[in-house]
Amino acid sequence: MNWKRTYMQFWHRHPWVTCSFYLFIFIAFFLSFIIGPHPFYCKFKGDSYFLIWSKEAPNGSNLQQALLEHQFKWEEIDFDLACWPIFHIDPYKTHQELSWLPPGTFTTEAKFILGSYELGRDVLTSCLVGLQQALFLSFLSMCIALILGLPLGLVGAYYQKTGIRLSIWSVVGFLLILGISWYLILLLISFKILNGFIAILFILLLMALICFSFNLWNRKPGLIIYPDFYVVKSIEFIKSLPLLMIMLILLQWIDKPNLLFLSLFIGLFYAFSIAKYTRYIVRSEKEMTYISVCKSLGYSDLRIMLKHLLPAAFQTLLPYIALGMGSVVLLEASISFLGLGLPVESISLGQMMHSARSYPSAWWVVVFPGACVFWIVYCFQTLGTGYTSKFNE
């Protein structure tokens, strides 16, 4: 595919959506230039500090000592040079007496361009933080889905007819590791110590142990395993489960689920959809003439899968990835609107709309976050359908 030509065609057809994606990237990684309680760059007593992705001054620095002396009031510090964001507002700061003010309310304490909501938080800055959270959640979820789903569908489809030769000890070790892993997961859930970081480390360790068991005992192959059969059955089982209901049940067992944990859980479900589409793509791609030529030249199966089949599958999956990111944003907004999802102290678009249930006349707390959700979902849906039509040409 000619990516430059594809980009120019998409730009001419959807210029507003293309500009929106540039703005999404800026909000996701450089939100400190737009809102924040502290300068994104400052110079104090001859030392320079870049606070673009950091909320605190370096330990033991002159800036940290000055903050302690002024009780963390950045405005009272006499900087040599300071570059402040466009909106010098702390989105997490609360003003209980300024709750539920309509848009265009300006007081001596704060200026609410889009109004305020529960605990006196600013709607404009909260929408920007909620956009950043939604973008990070969708991106992490689809990355996890690709990391888990692509190898699953690739291996299953490639060895659909020939199967994989394994020793009986490899199979026994694999089943034993899965059983112990399932027990440990239930143990972590029961003690409410399972979070996103522990879950990702656990998955990486599990994958390493499985690879180690195959390499250690796979010296005398005696069994032929057809992984495609188990991949198909796993996809059928997972797709039959209602994602929202399972997510609501699991969130009752987890103490304060963070963004990483939600990304991991959503990514696990979408991994089977990625595996499903990867399986279809690889099944048709491996029948191509160039794959037969590679086999006749003596290329290993691993080289064929990684160098030829994997790039072809990933390129064809791009429209589905874009559509999936929009679905993830909509899913997170739905569970947050129900009062679940991220902790109460965090900010998300769904939580903002949920807070309006206690003050129904605050239409601005529903309209503006809802418009942000529509904006993200529409852009990703347009991107997905645009690339789909490109592949069909």
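## Report on the predicted protein chain

Q71 counts as exposed because its relative accessible area of 61% lies over the 50% cut-off. The model that shows this residue is a predicted one.

**The loop between helix 3 and strand 3**

Q71 is placed in the loop that connects helix 3 (62-69) with strand 3. Its backbone has a positive phi of about 55°, although the residue is not a glycine. F72 is also placed in the loop between helix 3 and strand 3, and this residue, likewise not a glycine, has a positive phi of about 60°. With a relative accessible area of 54%, F72 is exposed.

**The chain as a whole**

The protein chain contains 13 helices and seven strands. Of its 393 residues, 45% are buried. Among contacts with a separation of 6 or more, 70% are between residues 24 or more positions apart. The chain exposes about 21500 Å², of which carbon and sulfur atoms supply 67%.

**Strands 1, 2 and 3**

Strand 1 (residues 41-44) and strand 2 (residues 47-50) run antiparallel and are joined by four bridges. One of the bridge partners can be named: Y41 is matched with F50 in strand 2. The two strands form a hairpin with two residues between them, and K45 in the turn has a positive phi of about 55°. Strand 1 is also joined to strand 3 (residues 81-83), again in an antiparallel arrangement, by three bridges. Here K43 has L81 of strand 3 as its bridge partner. Strand 1 therefore pairs with both strand 2 and strand 3, since at least two bridges are required for a pair and four and three are found.

**Helix 7 and its cover**

Helix 7 (residues 227-239) has 13 residues and reaches 18 Å from its first C-alpha to its last, close to the 18 Å expected at 1.5 Å a residue. Its buried residues are P227, D228, V231, I235 and I238. Seen down the helix axis, these buried residues fall within an arc of 95°, so they line one face of helix 7. The general geometry of an α-helix is relevant here: with 3.6 residues a turn, residues three or four places apart point the same way. On the other side of helix 7, Y230 and F237 are exposed. The cover over the buried residues includes helix 4 (123-158), strand 6 (164-166), strand 7 (223-225) and helix 9 (259-285).

**Aromatic pairs**

Across the whole structure, 21 aromatic pairs are found. In one of them, the rings of F30 and F33 have centres 6.0 Å apart and planes at 45°, so this pair is tilted. F229 and Y230 form an edge-to-face pair, at 5.3 Å centre to centre and with 80° between the planes. One aromatic cluster is formed by W16, F21, F24, F374, W375, Y378 and F380.

**Two further positions: Y92 and S273**

Y92 is placed in the loop between strand 3 and strand 4 (105-106). Leaving aside residues up to four places away in sequence, Y92 touches K55, R121, V129, Q133, E345, S346 and I347. The C-alpha atoms of Y92 and S126 are separated by 8.1 Å, while the two residues are 34 residues apart along the chain.

S273 is placed in helix 9. With residues up to four places away in sequence again left out, S273 touches K239 and Y320. S273 is buried because its relative accessible area of 5% is under the 20% cut-off. Y92, at 30%, is partly exposed because this value falls between the 20% and 50% cut-offs.

**Relative accessible areas**

The table lists residues discussed above.

| Residue | Relative accessible area | Class |
|---|---|---|
| F30 | 28% | partly exposed |
| F33 | 26% | partly exposed |
| Q71 | 61% | exposed |
| F72 | 54% | exposed |
| Y92 | 30% | partly exposed |
| F229 | 48% | partly exposed |
| S273 | 5% | buried |

In the tilted pair, F30 and F33 are each partly exposed, at 28% and 26%. In the edge-to-face pair, F229 is partly exposed at 48%, whereas Y230 is exposed.

Terms used:
Residues numbered from 1 in each chain as written. Predicted model: local features only at pLDDT ≥ 70, side-chain atom pairs only at ≥ 80, totals over all residues. Heavy atoms only, no water. Buried < 20%, exposed > 50% of the residue type's maximum accessible area, 1.4 Å probe, protein only. Contact = heavy atoms within 4.5 Å. Areas by Shrake-Rupley, 256 points an atom, 1.4 Å probe, with all protein chains shown as cover. Expected span 1.5 Å × (residues − 1). Arc of directions from axis to C-beta. Phe/Tyr/Trp six-rings, centres within 6.5 Å; stacked < 30°, edge-to-face > 60°.
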